Amino acid sequence: MTAELREIRINPIVPSESVLIATARGSRPQKAEELAPRDSRVHVDRCPFCTGNEEKTPPTILAVPDEQAWAIRIVENLYPVLGDDRTQQDLNLGLQQTIDGYGRHEVIIDNPNHGIAHHEMDVNHLAMLFGTYRQRMAELYESDPRLRYVLVFKNFGPAAGASIKHTHSQLIAMPIIPENVYNEVEHSRNYYRKYHQCIFCSLIDEALTFEATIYNRESGEVRHKVDVGQYVIERSERFIAIKPFASRYEWEVHILPTQHQSNFMKATAEDLADFAKLLKRTMQRLDKVLSGAQYNYYFHTVPRCDEFKDCDASYHWHMEICPRTTIPSGFELGSGLFISTISPEDAAQKLRDAI
Ligand SMILES: [Zn+2]
Ligand SMILES: [Zn+2]
Ligand SMILES: [Zn+2]
């Protein structure tokens, strides 16, 4: 265990995002999330996503390998947040502007098995799932030039906002670039202009190489030594799972290709097979440490737009996994500063030791 920590860490990729690491015993400003138990049933007669109930969902958009014996199915979201019907004209009331909520909102039924978790799925199935994400993203970009970003994400467990218990992911295609992605792409491009290096590649190199010593500014005493390699949770031939130095969520883990690649849609079948292997092991670790992980994950990849078409060398696609263990408080909402009561170094150590 590292010594007691109280420090603000700045996200190296998006400096406006920071996290307060406060590990002092008893200083627990956050309320632990009440985790409702996971529904792990295999088949539920009345579940619209279970096999045999296909007519209860909107029509199938894509089924893999086919509609009769589907392993993965994509359907329209019954309650889409964006749609292609025009509801109102663009509103422009002085400072208050709106953009028409044009887009697509689809549900990806990850598996016919109702309550199966990712870490329990077969690696080949996971690879097929990520291939399906990629295929559908490509089709949507192809379908409409107004779409700027296709966000693929998953909410798993009630604590992560999953309203339907059957395991599923979602895809939202939107006419804007979401701010989180925008900031990452913009800042990494600035970094590239300055240092001629991808900041994500630099962080991977750093995670695999250096040690850092943190000194007390006044006395010059060593406060603690950080073995930066300790941020590595899992490695495979082509991917790495890292605990971010400035993690907003206590058990947050990011997965990146070790070889530079800006666009998730360029990942090959071999890449995705290797990614699936690494993701499964990472999920096994999280599930073990958290005694049942409830989480959100999402993919960040280079957006499609003229403004960022020079970002292939500077941006690096990745998946962010954010397990939900606490409820953000007014402090976090008001300040934008996330609080972590476990140090990312200790969290990484626990994850590495888990399996
Ligand atoms: Zn089901
Ligand atoms: Zn890179
Ligand atoms: Zn990101």
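**View 1. Helices α2 and α3 packed against each other.** Helix α2 (residues 179-195) and helix α3 (residues 199-209) sit with their axes 9 Å apart, at an angle of about 75 degrees. That makes α2 roughly perpendicular to α3, a label for angles of 65 to 115 degrees. Axes here are lines fitted to C-alpha atoms over the stretch in contact, and angles run from 0 to 180 degrees between N-to-C directions. Helices (H or I, at least four residues) and strands (E, at least two) are DSSP runs, numbered from the N terminus. On the α2 side you'll find E184, S188 and Y191, meeting I199, F200 and S202 of α3; contact means heavy atoms within 4.5 Å. These residues split into three nonpolar, two polar and one charged. For the classes, Ala, Val, Leu, Ile, Met, Phe, Trp, Tyr, Cys and Pro count as nonpolar, Asp, Glu, Lys and Arg as charged, and the others, Gly among them, as polar.

A quick note for all views: this is a predicted model, where local features need pLDDT of at least 70 and side-chain atom pairs count only at pLDDT 80 or more, while totals for chains, interfaces and linings use all residues. Residues are numbered from 1 along each chain as its sequence is written, chains are lettered from A and ligands numbered from 1 in the order in which they are written, and side-chain values use heavy atoms, with hydrogens and water left out.

**View 2. The zinc ion (ligand 3) and its donors.** E184, which also takes part in the α2 contact with α3, shows up here as a zinc donor through OE, listed twice. H300 (ND1), H318 (NE2) and E320 (OE) join in, at 2.0 to 2.6 Å. Donors are N, O and S atoms within 2.8 Å of the metal (3.2 Å for Na, K and Ca), and water is not among the atoms, so sites may look incomplete. Along the sequence the donor spacing reads E-x115-H-x17-H-x1-E. The pair E184 in helix α2 and H318 in strand β17 (residues 318-323) links distant parts of the chain, 134 residues apart.

**View 3. The largest pocket.** Roughly speaking, you have about 730 Å³ of space here. A pocket is an open set of points on a 1 Å grid over the protein atoms alone, with protein on both sides within 12 Å along at least five of seven lines; lining residues have an atom within 4 Å of a point. Grid points are joined across faces, edges and corners, and a volume is the space filled by probe spheres set on the points. Of the 36 lining residues, P12, L203, P244, F245 and A246 lie nearest the centre. Helix α3 gives the most, with seven residues. By class, the lining has 20 nonpolar, six polar and ten charged residues.

**View 4. The second largest cavity.** The structure holds two cavities of 30 Å³ or more, a cavity being a set of points where a 1.4 Å probe fits but cannot get out. The second largest has about 40 Å³ of space. Its lining is A117, H118, H119, F156, M283, D287, A293 and Y295, or five nonpolar, two polar and one charged by class.

**View 5. Helices α4 and α6 crossing.** The axes of α4 (residues 269-289) and α6 (residues 344-354) come within 8 Å and cross at roughly 105 degrees. That makes α4 roughly perpendicular to α6. R285, L286, K288 and V289 of α4 touch K350, L351, R352, D353 and A354 of α6. Four of these are nonpolar, none polar and five charged.

Notes:
Parallel < 35°, antiparallel > 145°, perpendicular 65-115°, else oblique.
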